[in-house]
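Open the model in your viewer and keep the selection panel at hand. We will go from stop to stop, choosing something to select and then looking at what is there.

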Amino acid sequence: MTQDFEAIIKERRSANKFIENIAISESELEEIFSLVKFAPSAFNLQHAHYVTVTDGDLKEQLYEAANKQYKVKTASGVIAVLGSTEAHLKARELNEGLVHLGVLSQQEADMMAEDTIRFYEERGETFKRDEAIRNASLSAMQFMLAAKAKGWDTCPMIGFDPDKVRAILNIPDKYIPVMLITIGKQDASSLRPRGYRKPVREFVTHQRF
Ligand SMILES: Cc1cc2nc3c(=O)[nH]c(=O)nc-3n(C[C@H](O)[C@H](O)[C@H](O)COP(=O)(O)O)c2cc1C
């Protein structure tokens, strides 16, 4: 691990309040997402989908849906992290590139896609939902670290009404709203000392319980 990466991990904090009237552009968001895309996902299905909100009126509506958490108002943007419960249905097209490159034969790609689809269908709706949340959460963590590396602060948020967020953003049924991430430049004066962290021995069991 390079020193820079260690610093990014340690300097990422959940912003309490953002400096107002700082805009984040689509190209700045794209730079972050160009790193987010390298996050791992089960079967490389890339279950995560993001809705970026910088529009003032929409942001105001999200503020209401997020229990009026003030940081939503002051953030440069609010990012809705969604997880798809139907990502496995795209297994075939996600492997098309490897077929074109000659890495996989069409027959191998077809078999892999069928296996993946069966894996999800056999396990059912709860598994699909777990997978949506699991994979989107890993992607969201990558978003927050990539944002920090690009000079932005974030706060992950579960304090919102998912039905209201779904209605405001027109989110199709196949997506689970996993979390909101507010992004902006944190107002350092409002940052509290970091919360207690358990020592490693308290949250790691080597070998078995
Ligand atoms: C899944 C998740 C949901 C969270 N929801 C909220 C939230 O709704 N509002 C908020 O202010 N902070 C929220 N937080 C931020 C946590 O309070 C914060 O990560 C924790 O206190 C540790 O602080 P740190 O991130 O600065 O290290 C959430 C964090 C996570 C991981």
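A pocket, for this tour, is an open set of grid points where a 1.4 Å probe fits, with protein on both sides within 12 Å along at least five of seven lines, and its lining residues have an atom within 4 Å of a point. Please also keep in mind that this is a predicted model.

**Stop 1: the largest pocket**

Select Val36, Lys37, Ala39, Pro40, Ser41, Gln46, His47, Ala48, His49, Tyr50, Asn135 and Ser139, and you have the lining of the largest pocket on screen. Its volume is about 230 Å³. Two elements, strand E1 (48-53) and helix H7 (106-149), each give two or more residues to this lining. Which of the elements gives the most to the lining of the largest pocket? That is E1, with three residues. Now colour your selection by class: five residues of the lining are nonpolar, six are polar and one is charged.

**Stop 2: a loop beside E1**

Stay with Gln46, one of the lining residues you have just selected. Gln46 sits in the loop between H2 and E1. Check its backbone torsions: phi is near 55°, a positive value in a residue that is not glycine. Gln46 is partly exposed, with a relative accessible area of 41%.

Next, select Phe43, which has its place in the loop between helix H2 (26-36) and E1. Phe43 is not a glycine either, yet its phi is positive, at about 55°. Is Phe43 buried, partly exposed or exposed? With a relative accessible area of 45%, Phe43 counts as partly exposed.

**Stop 3: the second largest pocket**

Move on to Ser84, Ala87, Lys90, Lys174 and Tyr175, which lie nearest the centre of the second largest pocket among its 13 lining residues. About 200 Å³ of space lies in this pocket. By class, its lining has six nonpolar, four polar and three charged residues.

**Stop 4: the ligand**

Now bring the ligand into view and show the residues that surround it: Arg12, Arg13, Ser14, Gln69, Lys71, Cys155, Pro156, Met157, Ile158, Gly159, Arg194 and Arg197. This shell has four nonpolar, three polar and five charged residues. Where does the largest share of the shell come from? Strand E3 (residues 153-157) provides it, with three residues.

Three distances are worth drawing here:

- From a nitrogen atom of the ligand to a polar backbone atom of Ile158, the distance is 2.9 Å.
- From an oxygen atom of the ligand to a backbone N or O atom of Gly159, you should find 3.0 Å.
- From an oxygen atom of the ligand to an N or O atom in the side chain of Arg194, the distance is 2.7 Å.

Switch on the surface as well: the ligand taken alone exposes 620 Å², and the protein buries 60% of that.

**Stop 5: Asp153, in strand E3**

Select Asp153, which lies in strand E3. Asp153 is buried, because its relative accessible area is 8% and the cut-off for buried is under 20%. What does the side chain of Asp153 make a polar contact with? Its partner is the side chain of Lys148, at 2.7 Å. A polar atom of the Asp153 side chain also lies 2.9 Å from the backbone nitrogen of Gln186.

**Stop 6: Asp161, in the loop that follows**

Go along the chain to Asp161, in the loop between E3 and helix H8 (162-169). Asp161 is partly exposed, with a relative accessible area of 27%. Draw a line from a polar atom of its side chain to the backbone nitrogen of Asp163, and the distance is 2.9 Å. Then add Glu64 to the view: Asp161 and Glu64 are 97 residues apart along the chain, while 9.2 Å separates their C-alpha atoms.

**Last stop: the whole chain**

Zoom out and switch to a cartoon view. The protein has nine helices and four strands. Starting at the N terminus, you can trace the elements as α-α-β-α-α-β-α-α-α-β-α-β-α. Along the principal axes, the C-alpha atoms fill a box of roughly 60 × 45 × 35 Å. To finish, colour the 209 residues by burial: 40% of them count as buried.

Note on methods: Residues numbered from 1 in each chain as written. Predicted model: local features only at pLDDT ≥ 70, side-chain atom pairs only at ≥ 80, totals over all residues. Heavy atoms only, no water. Near = heavy atom within 4 Å. Polar contact = N/O pair within 3.5 Å; in protein donor to acceptor, adjacent residues only side chain to side chain. Areas by Shrake-Rupley, 256 points an atom, 1.4 Å probe, with all protein chains shown as cover. Nonpolar A, V, L, I, M, F, W, Y, C, P; charged D, E, K, R; others polar. 1 Å grid on protein atoms, 1.4 Å probe; cavity = no way out; pocket = protein on both sides within 12 Å on 5 of 7 lines; lining within 4 Å. Points joined across faces, edges and corners; volume = space filled by probe spheres on them. Buried < 20%, exposed > 50% of the residue type's maximum accessible area, 1.4 Å probe, protein only.
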